[in-house]
Structures are given as C-alpha cells and as structure tokens.
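Reader: Could you take me through one part of this model up close? I'd like to look at the ligand and the residues around it.

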Amino acid sequence: MTKSERKKRNNKSKDEQRFTADTAKLRKFKEPSKSSTFLDKMKARLSGGHFRMINEKLYTCTGKEALNYFQEEPSLFDLYHAGYKMQMSNWPQQPVNVIIDWLKKKSPSLVVADFGCGDALIAKSVKNKVYSLDLVSNDPNIIACDMSNTPLDDSSIDVAVFCLSLMGTNYQSYIKEANRVLKPGGWLLIAEVKSRFDPNTGGANPEKFTNAISELGFKSVKKDFSNKMFILFYFTKKDKQNFKRKEIEWPLLKPCLYKRR
Ligand SMILES: C[S@@+](CC[C@H](N)C(=O)[O-])C[C@H]1O[C@@H](n2cnc3c(N)ncnc32)[C@H](O)[C@@H]1O
C-alpha cells in the first residue's frame with residue numbers, strides 16, 4: 001500500500017469513524033428528545049392541574065386567605081399566572097386590551113388603580129400614573145396587598161379597574177375599597193367572565209350586580225355584552241354618597257373554573 005493509499009484509507013476510516021460517532025450522537029440525542037417531549041407533556045399536565053387547583057382556590061376563599069396562601073408559597077403565584085396566560089391565549093380578545101384602549105382615549109392625567117393587576121399590563125401600556133395592586137409583587141411597581149385593604153388614600157384615584165379580578169368570595173369588599181379610594185365622579189370599570197353573569201347556568205343576574213353597585217354609590221353608565229368571553233361594566237362614582245343606605249344585596253358570583261383540555 002502506497003503512502004497516499006494508506007492516507008486515503010486512514011482518512012476514510014476517520015470519516016467513517018466520524019459518521020459512526022455522529023450517528024450514535026444523533027441516536028442518543030433523539031432518545032432523550034423523545035422522552036423530554038413526554039416529560040414536557042407530563043409537566044404541562046401537572047402544571048395545568050396545578051393551575052386549575054390554584055384558580056379554584058382563589059375563587060372559593062377570601063382575599064385575606066388568598067394573600068396568606070401565596071405568602072406561604074409565592075411560587076404558586078407564577079404557576080397560576082403561567083396557566084392563566086395559557087387560558088387567555090384561547091380568547092379572541094383580551095379584556096385588559098379593551099380597557100387599555102378605553103384609557104388611551106381619556107386624559108393621561110387620570111390616576112388609575114389596577115386592582116388585581118397580574119402582569120401590570122395597564123401600567124406598561126398607558127401614560128397615566130397607575131397603581132398596580134396584586135397579592136404578590138414580582139415587580140417593584142406592583143404593590144402587594146389584599147385589594148380589600150390597599151394603602152391608597154381616600155378620594156385619590158380617577159379610574160379603578162377590576163379586570164377579571166373579582167375572584168374572592170368577599171368581592172364586595174374590593175368594590176367598597178374602590179369606592180373609598182375613588183374621587184367623586186371617578187370611573188369604576190369591571191371586566192368579568194361572561195359565564196359568571198349567565199343566570200341560565202347559575203351565574204348572577206347582571207342587573208342585580210349593577211343594582212348592588214349603584215346602591216353603594218355609583219351610576220351605571222354602560223354595560224358592554226358585545227364580547228364573546230367577557231362583560232364590561234362602566235360606572236361613575238356619584239358626587240353624593242348615601243350613608244343611610246339599606247343593606248346591599250350582593251349577588252353571588254360563581255367561580256370561573258376551567259375545564260381540563
Ligand atoms: C385572572 S387574573 C387577571 C389579571 C389581570 N387583571 C389581567 O386582566 O390580565 C386576577 C388577578 O387578581 C389577583 N387577585 C385576586 N384576588 C386578589 C386580592 N384579594 N387582592 C389582590 N389581588 C387579587 C390575582 O392574584 C390575579 O393576579
């Protein structure tokens with residue numbers, strides 16, 4: 001065998017070796033990737049189950065209990081929000097975007113309080129001063145509190161927003177808190193899941209809900225039923241509050257539970 005033939009054979013064998021090694025690597029790579037898909041599916045299933053569990057918890061306890069729940073295990077908050085975003089990605093329109101568009105048409109000098117802000121998208125999208133409130137703060141701009149008891153001053157807010165956040169069984173105390181912090185004439189905007197207001201499926205009567213809020217001291221300006229997934233209620237705070245009002249009959253708001261997909 002000549003020197004050049006030997007070199008050729010050696011080269012070939014190196015190529016073969018490389019080929020064999022690469023094929024083996026590829027095989028090895030394919031194997032775990034198959035199982036990691038399986039693992040991903042398992043993780044997704046687990047986190048989906050976790051999301052539904054946390055979601056149900058939030059709809060069936062008071063705000064104070066929810067605050068304790070997340071204080072004990074803050075990672076559950078991230079899990080909840082990851083699942084919530086997944087659910088929302090199926091909605092044709094996000095209520096928070098409708099509210100952002102509404103705000104953009106108003107004066108940027110209006111001071112906003114976003115009750116149950118989640119990712120604080122409102123604060124990130126408008127020029128207004130926005131107080132973003134939620135049970136957990138992953139961002140220095142979010143105030144961690146139970147929204148029935150916020151650190152906001154009396155009559156300091158022009159627009160109070162509840163976007164899918166009337167979750168606690170004591171939801172009326174959140175609206176009372178909004179009433180406390182709102183200036184007379186200030187706006188109260190509530191976006192809620194439509195099924196919670198469908199009396200045919202155990203939901204509240206939207207009229208009873210509006211009446212209760214009106215009794216508290218608000219004027220109902222508009223109800224927007226045009227969206228498939230949510231209702232938007234617009235109120236303004238009356239200039240004069242009726243302190244001698246009778247006991248308000250708050251309708252029960254049924255939990256919004258998500259099905260396993
Ligand atoms: C369904 S998410 C909606 C988030 C955001 N408003 C949006 O539209 O994307 C409801 C949020 O309300 C918050 N929340 C529920 N009860 C609360 C309470 N008592 N005090 C403060 N935040 C609360 C939850 O932690 C959650 O982030």
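Author: Before we zoom in, one cut-off: a polar contact here is a pair of N or O atoms within 3.5 Å. Also keep in mind that this is a predicted model.

With that in hand, look at Met147: a polar atom of its backbone lies 2.9 Å from a nitrogen atom of the ligand, so the pair falls within the 3.5 Å cut-off. Cys163 does much the same job on paper, with a polar backbone atom 2.9 Å from a ligand nitrogen. Tyr84 uses its side chain instead, placing a polar atom 3.2 Å from an oxygen atom of the ligand. Put the protein around the ligand and 95% of the 590 Å² of accessible area that the ligand has on its own gets covered.

Now step back to the whole shell. There are 19 residues around the ligand, and Met147 turns up again among those that come nearest, together with His81, Gly116, Asp134 and Asp146. Sorted by type, the shell has 12 nonpolar residues, 5 polar ones and 2 charged ones. If you're tracing where they come from, start at helix α3, residues 75–88: this helix gives the most to the shell, with 4 residues. And the space that the ligand takes up? That's the largest pocket.

While you have the model open, have a look at the aromatic rings too. The structure holds 15 aromatic pairs. One of them is Trp102 with Trp187, edge-to-face, at 5.0 Å centre to centre and 75° between the planes. Trp102 belongs to helix α4 (residues 95–104) and Trp187 to strand β5 (residues 182–193), so this pair ties together parts 85 residues apart in sequence.

Technical notes:
Residues are numbered from 1 along each chain as its sequence is written. This is a predicted model: local features need pLDDT of at least 70, side-chain atom pairs count only at pLDDT 80 or more; totals for chains, interfaces and linings use all residues. Side-chain values use heavy atoms; hydrogens and water are left out. A residue is near a molecule or strand if one of its heavy atoms lies within 4 Å of it. A polar contact is a pair of N or O atoms within 3.5 Å; within protein, one must be able to donate a hydrogen and the other to accept it, and residues adjacent in sequence count only if both atoms are side-chain atoms. Accessible areas come from the Shrake-Rupley method with a 1.4 Å probe; for residues, only the protein chains shown count as cover. On a 1 Å grid over the protein atoms alone, a cavity is a set of points where a 1.4 Å probe fits but cannot get out, and a pocket is an open set with protein on both sides within 12 Å along at least five of seven lines; lining residues have an atom within 4 Å of a point. A molecule sits in a cavity or pocket if more than half of its atoms lie within 2 Å of its grid points. Helices (H or I, at least four residues) and strands (E, at least two) are DSSP runs, numbered from the N terminus. Ala, Val, Leu, Ile, Met, Phe, Trp, Tyr, Cys and Pro count as nonpolar, Asp, Glu, Lys and Arg as charged, and the others, Gly among them, as polar. Rings of Phe, Tyr and Trp (its six-membered ring) pair if their centres lie within 6.5 Å; planes under 30 degrees apart count as stacked, over 60 as edge-to-face and the rest as tilted.
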